[in-house]
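Got the viewer open? Here is a short walk through one model, with a few selections to make along the way.

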Amino acid sequence: MSFGVYVHVPFCKSKCPYCDFYSVIARDDKLKEKYTEAVVREIHGFAKYFRSDSADHVFMKTAPDSIYFGGGTPSLLTPEEIGKIIAEIDETFGSQDTREITLEANPKTVDKEYLSAIRSVGVNRLSLGVQSFDDGILRKLGRAHKAADALEAFREAREAGFINISIDLIFGIEGQTMEIWEASLEKALELDPEHISLYSLEFMEGTVFTRWLSEGRMKETDPEEDRLMYERAADLLKGAGYEHYEISNFAKPGFESRHNLKYWNLDDYAGFGPGAHSYMTDHLTGQGQRYYHLPDLERYLEDPLKVEFMEPNSYADDMTEFTITALRLSRGIDKYEFSERFGQDFWEFYGDLAKLQFGSFIDTGHAEEDEETIRLTLKGFNISNQILSLFV
Ligand code: SF4
């Protein structure tokens with residue numbers, strides 16, 4: 001079982017009106033220093049769950065093969081702060097030479113000196129929150145950067161030696177025509193990143209965009225147009241040599257996000273920082289444990305070791321969660337691996353009705369099944385929520 005570490009960095013320069021990720025405005029450097037110390041304390045304190053001589057020993061100790069700094073805006077931490085956290089992870093869990101260490105960065109917050117410095121503390125993968133190469137769309141999204149900042153950040157990341165860069169792009173925004181969307185995709189392809197993530201704009205509860213929508217100050221993109229944008233992007237990126245390996249993610253061969261694959265494969269990951277979630281397998285029972293920190297920085301700084309444990313996952317929970325996430329992957333589910341892992345045949349678990357209903361999606365070209373695997377097609381990715389609801 002592979003193991004990843006997630007560190008949530010809850011700071012942003014300003015709040016984007018569409019975003020519901022937990023973050024606070026970074027007021028001063030002292031707060032970030034306190035936060036870094038708290039994360040180091042949390043990781044250090046967490047070691048008791050891994051030590052076989054501890055009464056709290058519950059998880060197998062394994063060196064992580066991926067570390068992911070997500071946010072918020074992790075690039076608001078200094079290279080020294082990032083280095084301290086990586087050093088504590090190494091100290092607590094051990095270190096693997098070939099591990100992937102990703103840092104999400106806002107293009108406006110980095111320069112070549114910063115990028116070289118984070119590389120020297122171990123970061124080897126950069127995820128740039130570009131969102132669009134159109135300044136009008138960036139303004140609409142309330143982003144603090146312009147297209148030129150993203151181009152500059154990408155160039156400087158290459159100069160600093162990053163050979164694994166991911167770019168995030170958003171579509172389905174009011175006023176974003178197919179031409180504007182295609183132009184952003186083409187600009188991304190000119191840069192030739194190793195990985196591209198595409199997100200359809202969602203109106204999340206509690207965001208400014210959702211309020212504007214309810215007040216009639218904003219409109220949702222027509223779902224048909226949204227889906228056409230998705231399909232156009234998939235065509236363009238596949239034509240340029242990217243593998244469409246997950247509903248929203250495209251990678252050049254060998255550059256899939258190792259960390260995010262843990263979520264889709266239901267592998268173990270430990271999350272640190274306010275709002276971070278974890279899924280770890282209890283080494284005695286073999287059951288999955290989920291726990292999380294409340295998204296509350298003040299509370300976290302007071303006691304970073306306080307986590308909320310959930311009920312252990314039952315095998316049925318694990319099978320359902322695995323199915324829902326693994327069907328997001330283009331390779332789908334290997335039925336043999338499924339029965340090896342869970343001790344039950346895939347269709348025996350889901351039953352004849354689900355099999356019949358899934359069969360109707362096969363007939364319409366939304367899904368495929370052969371002896372070994374079941375998977376969704378691109379057409380199926382487009383209505384994935386409807387198909388995945390069969391397995392809930
Ligand atoms: S910078 Fe990223 S995390 Fe921060 S508010 Fe904007 S979208 Fe959300």
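**Stop one: helix α8**

Start by selecting M229, Y230, A233 and L237, the buried residues of α8. Keep in mind as you look around that this is a predicted model. Now turn the view so that you look down the axis of α8: these buried residues sit within an arc of 100°, so they line one face of the helix. What do they pack against? Add β7 (165-171), α6 (178-191), β8 (195-200), β9 (243-246) and β10 (249-251) to the selection, and you have the partners of that buried side.

Next, swing round to the face of α8 turned away from the buried side, where you'll find the exposed residues E224 and G239. Then show the whole helix, residues 223-239: its 17 residues reach 24 Å from first C-alpha to last, close to the 24 Å expected at 1.5 Å a residue. Just past the end of α8, click on G241, which has a positive phi of about 100°.

**Stop two: helix α5**

Go to residues 147-159, which make up α5. The end C-alpha atoms of this 13-residue helix are 19 Å apart, which agrees with the 18 Å it should span at 1.5 Å a residue. Which of its residues are buried? Pick A147, A150, A153, F154 and A157. They take up an arc of only 125° around the axis, which puts them on the same side of α5. Around that buried set, bring up α3 (112-120), β6 (125-131), α4 (135-140), β7 and α6, the elements it packs against.

For the other face of α5, turned away from the buried side, select the exposed A148, R155 and E159. Just after the helix comes G161, with a positive phi of about 105°.

**Stop three: the β12-β13 hairpin**

Select residues 277-281 for β12, a mostly covered strand with 4 of its 5 residues buried. Add residues 288-292, and you'll see β13 paired with β12 in the antiparallel sense over 5 bridges. To check one of the partners, pick S278 and look across to Y291 in β13. The two strands form a hairpin with 6 residues between them, and in the turn G286 has a positive phi of about 75°.

**Last stop: around the ligand**

Finally, show the ligand and the residues around it: C12, K15, C16, C19, F21, S23, G71, G72, T73, N106 and G129. Colour this shell by class and you get 4 nonpolar, 6 polar and 1 charged residues.

Definitions and conventions
Residues are numbered from 1 along each chain as its sequence is written. This is a predicted model: local features need pLDDT of at least 70, side-chain atom pairs count only at pLDDT 80 or more; totals for chains, interfaces and linings use all residues. The expected span of a helix is 1.5 Å times one less than its number of residues. A residue is buried if 20 or more other C-beta atoms lie within 10 Å of its own, exposed if 12 or fewer, and partly exposed in between; C-beta atoms are placed from the backbone. The arc is that of the directions from the helix axis to the C-beta atoms. Two residues are in contact if their C-beta atoms, placed from the backbone, lie within 7 Å. Two strands pair if DSSP finds at least two bridges between them. A residue is near a molecule or strand if its C-beta atom, placed from the backbone, lies within 6 Å of it. Ala, Val, Leu, Ile, Met, Phe, Trp, Tyr, Cys and Pro count as nonpolar, Asp, Glu, Lys and Arg as charged, and the others, Gly among them, as polar.
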